[in-house]
Amino acid sequence: VGGTLARLCLEAPLPPPTMASLTPQPMSPRPTYEEVLRLRAASAKQSAEKMAAAPAAAAPANAPQPPPQPPHPPPPAAASAPAPSPPAVAPAPVAAPAKPVAEPAFTDAEVEVLRTPLAPSEWCGSELHERALAYMRSRRDAAVLADPSLAPTVEMASDLRLWRFLVATAFKGGDAASMYVEALRWRKRNGTDATRKDLRAANPSFFTAGATSLETPLLTEQDAAVFAARPRTFFTKSAGGGGELLLDRAGNLLFIEVPASADAAAVCALGADAFLASELRTQELLQLVLDELSTRQDRLVLMFRVLDLAGVSLTPNPFRSSDVKKGEGLVKAAGKEVRDAYPTTTYKNCLINAPAASIAGPIVAALVPKRSRDKTMLLGKDYAGELHSFVAPSSLPKKLGGELDNGNQWKK
């Protein structure tokens with residue numbers, strides 16, 4: 001059962017090596033995208049008022065004045081119409097559309113330059129980076145002006161998040177912008193901005209005070225049930241009761257999964273809606289953590305994914321139950337749901353206890369999205385030396401030669 005489900009599982013510069021060594025920095029409040037647009041609109045209005053006042057000031061003193069106009073009476077109030085309730089989310093202010101930015105076309109040599117890691121704080125000084133981002137910003141703003149309900153959160157509107165879409169499409173601006181705008185629509189359909197608000201509110205120390213652990217990594221009892229049915233590790237219990245994030249030696253977020261440990265029947269028992277809602281919360285939390293770490297480290301932080309393939313089968317069990325088949329389908333559907341909404345999150349896919357490379361192709365195809373396969377390392381049973389060169393034993397469970405508790409992932 002576990003082996004069959006494994007084939008359907010999801011896809012995840014040198015900063016300090018551990019979260020503990022990342023010096024907490026006081027975090028100033030970030031303006032929302034709506035506030036940015038409001039400032040732009042206010043600036044445009046101020047400029048327009050100055051331009052309108054200039055001819056009037058220059059007019060001669062004896063110029064004829066238009067006759068005074070009678071004041072307009074206020075419109076009659078509707079007697080029976082109830083007062084409208086305030087919207088759940090304030091609509092984005094409408095500003096004058098900026099001049100469209102032409103889609104950039106980069107040469108192969110320029111794409112190689114763009115792929116070379118550069119601190120985000122230095123992007124503004126790079127003509128190539130700014131050209132790519134200016135186009136993405138213009139497409140973002142045009143989409144919001146056309147439909148204010150798509151106004152992104154401060155993280156989703158940031159250059160860091162725009163850059164992930166550019167990388168995912170090999171810096172093809174039109175494709176990146178289209179993927180990004182569709183992600184805005186996806187977030188609207190799934191209420192992801194509300195999820196983001198709940199996750200940040202449940203983990204204020206990490207997102208606003210520079211802490212190294214999450215206070216509430218699993219937001220609901222439903223999330224805990226999903227992690228029991230499909231165990232994964234990206235944090236370990238901290239002394240305060242929260243979850244200390246696990247990092248690789250380069251400062252990327254460590255994400256460990258043992259596909260064969262997943263219980264497809266238990267996934268099915270949770271129900272499609274509950275399982276998918278929990279998976280979407282987990283993906284949003286992971287992305288928010290990557291955004292926060294990227295801001296702290298001034299680089300594009302990614303995930304180092306470890307998948308233990310022990311117990312994985314290349315062929316499904318033909319006698320598995322209908323509940324198992326349904327659970328497998330739910331995992332597969334969740335993977336498709338988030339794939340294009342959260343691009344460029346993977347640094348390495350480290351597949352350990354992998355079979356011989358000659359027969360590993362189908363497993364890699366099942367576990368790793370196509371655009372991340374060039375980041376995949378296939379390691380057999382003697383994986384420890386290579387794995388530990390990327391991840392310190394202090395951040396790994398004992399089963400992988402580390403020092404941490406194994407959790408639920410190797411209990412089967």
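## An arginine over a ring

Let's start with Arg305, whose charged end sits over the ring of Phe255, 5.4 Å from its centre. Keep in mind that this is a predicted model. Arg305 and Phe255 also meet along the backbone: Arg305, in strand 6, is the bridge partner of Phe255.

Another arginine does something of the kind. The charged end of Arg232 sits over the ring of Phe227, 4.6 Å from the ring's centre. Arg232 also has a partner across the sheet, standing opposite Glu257 in strand 5.

## Rings that meet

How many aromatic pairs turn up in a search of the whole structure? The search finds ten. Take Phe206 and Phe207 as one of them: the ring centres are 5.0 Å apart and the planes stand at 80°, so this pair counts as edge-to-face. Both Phe206 and Phe207 are buried.

Phe234 and Phe255 pair up as a stacked couple, with 6.2 Å from centre to centre and 10° between the planes. Why does this pair tie together separate parts of the chain? Phe234 lies in the loop between strand 2 (232–233) and strand 3 (235–237), while Phe255 belongs to strand 5 (residues 253–257), so the pair links parts that are 21 residues apart in sequence. Phe234 is buried, and Phe255 is too. Step back a little and you'll see a cluster, in which ring pairs link Phe227, Phe234, Phe235 and Phe255.

## Strand 5 and its neighbours

Phe255 brings us to strand 5 itself. Five of its five residues are buried, so the strand is largely enclosed by the rest of the structure. In a regular strand, side chains alternate between the two faces of the sheet. Here, Leu253, Phe255 and Glu257 point one way, Leu254 and Ile256 point the other way, and all are buried.

Which way do the neighbours of strand 5 run, parallel or antiparallel? Strand 2 pairs with strand 5 in the antiparallel sense, over two bridges. Strand 6 (residues 303–308) runs parallel to strand 5, and five bridges join them. Within that pairing, Leu253 has Met303 of strand 6 as its bridge partner.

## On to strands 6 and 7

Strand 6 is tucked away as well: six of its six residues are buried, so it is largely enclosed by the rest of the structure. Both of its faces are covered, with Met303, Arg305 and Leu307 on one side and Phe304, Val306 and Asp308 on the other. That puts Arg305, the residue we began with, among the buried ones.

The sheet carries on from strand 6 to strand 7 (residues 346–352), and these two pair in the parallel sense over six bridges. If you'd like a spot to look at, find Val306, which stands opposite Cys350 in strand 7.

## A helix to check

Now for helix 7 (residues 173–190). At 1.5 Å a residue, its 18 residues should span 26 Å, and the C-alpha atoms at its ends are 26 Å apart, which agrees. Which residues of helix 7 are buried? They are Gly173, Gly174, Ala176, Ala177, Met179, Tyr180, Val181, Ala183, Leu184, Trp186 and Arg187. An α-helix has 3.6 residues a turn, so residues three or four places apart point the same way. Just after helix 7 comes Gly191, which takes a positive phi of about 65°.

Terms used: Residues are numbered from 1 along each chain as its sequence is written. This is a predicted model: local features need pLDDT of at least 70, side-chain atom pairs count only at pLDDT 80 or more; totals for chains, interfaces and linings use all residues. Side-chain values use heavy atoms; hydrogens and water are left out. Rings of Phe, Tyr and Trp (its six-membered ring) pair if their centres lie within 6.5 Å; planes under 30 degrees apart count as stacked, over 60 as edge-to-face and the rest as tilted. Buried means under 20% relative accessible area, exposed over 50%, partly exposed in between (1.4 Å probe, protein chains only). Helices (H or I, at least four residues) and strands (E, at least two) are DSSP runs, numbered from the N terminus. A charge sits over a ring if NZ of Lys or CZ of Arg is within 6 Å of the ring centre and within 35 degrees of the ring normal. Two strands pair if DSSP finds at least two bridges between them. The expected span of a helix is 1.5 Å times one less than its number of residues.
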